[in-house]
Amino acid sequence: PPKTAAGVQNLYSRADRMGALHPLFVGVTWGSGGSTADLTLKICSHLQKTCCLETQLHITCTNIPVEKIHKALVIAREEGIQNIL
């Protein structure tokens with residue numbers, strides 16, 4: 001995901017153009033060790049709920065506690081994110 005709030009807003013502003021291309025899904029990968037887990041989940045949720053784009057939450061499971069993965073999966077379920085790698 002983007003590293004700044006401005007970058008996130010830029011991504012959101014481009015989402016409509018991405019949607020016009022009718023992608024099967026939009027993938028968002030979180031950083032190693034879950035360093036961007038919260039932001040990645042927020043972006044996936046926004047793209048799916050607000051922009052009507054199917055999202056793929058890409059969880060990198062290296063150097064991350066099992067509890068953090070479990071928490072992310074619970075949040076993904078709550079947010080309706082079903083496409084998970």
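Two helices count as roughly parallel when the angle between their directions is under 35 degrees. Keep that cut-off in your head as you look at this predicted model.

**Two helices side by side**

Start with helix 2 (residues 37-49) and helix 3 (residues 66-79), whose axes come within 11 Å and cross at roughly 15 degrees. That angle falls under the 35-degree cut-off, and helix 2 and helix 3 are therefore roughly parallel to each other. The crossing also has a hand, and for this pair of helices it is right-handed.

Which residues make the contact? From helix 2 you can pick out Ala-37, Leu-41, Ser-45, Gln-48 and Lys-49, while helix 3 brings in Lys-68, Ala-72, Ile-75, Ala-76 and Glu-79. Sort the residues in this contact by class and you get five nonpolar, two polar and three charged.

**The sheet**

Now find the strands. Three of them form an open sheet in the order 1-2-3, and the pairing is parallel. At the edges stand strand 1 (26-29) and strand 3 (83-84); each has a single partner strand, so one side of each is left without a neighbour in the sheet. As general background, strands of a sheet pair through backbone hydrogen bonds, either parallel or antiparallel.

Zoom in on strand 1 and strand 2 (residues 55-58), and you'll find that they pair in the parallel sense over four bridges. Thr-29, for instance, has His-58 in strand 2 as its bridge partner.

How does helix 2 fit in with the sheet? Helix 2 packs on it and touches strand 1 and strand 2, with its direction at about 170 degrees to that of strand 2. An angle over 145 degrees counts as roughly antiparallel, so helix 2 and strand 2, at about 170 degrees, run in roughly antiparallel directions.

**Two loop residues with a positive phi**

Most residues other than glycine have a negative phi. Here are two residues with a positive value instead, Cys-52 and Asn-63.

| Residue | Phi | Loop | Relative accessible area |
|---|---|---|---|
| Cys-52 | near 60 degrees | between helix 2 and strand 2 | 67% |
| Asn-63 | about 55 degrees | between strand 2 and helix 3 | 69% |

Are these residues buried or exposed? A residue counts as exposed when its relative accessible area is over 50%. Cys-52 has 67%, so it is exposed. Asn-63 has 69%, so it is exposed as well.

Notes:
Residues are numbered from 1 along each chain as its sequence is written. This is a predicted model: local features need pLDDT of at least 70, side-chain atom pairs count only at pLDDT 80 or more; totals for chains, interfaces and linings use all residues. Side-chain values use heavy atoms; hydrogens and water are left out. Axes are lines fitted to C-alpha atoms, for helices over the stretch in contact, and angles run from 0 to 180 degrees between N-to-C directions. Angles under 35 degrees count as roughly parallel, over 145 as roughly antiparallel, 65 to 115 as roughly perpendicular and the rest as oblique. A crossing is left-handed if the near helix is turned anticlockwise from the far one by less than a right angle, and right-handed if clockwise. Contact means heavy atoms within 4.5 Å. Ala, Val, Leu, Ile, Met, Phe, Trp, Tyr, Cys and Pro count as nonpolar, Asp, Glu, Lys and Arg as charged, and the others, Gly among them, as polar. Two strands pair if DSSP finds at least two bridges between them. Buried means under 20% relative accessible area, exposed over 50%, partly exposed in between (1.4 Å probe, protein chains only).
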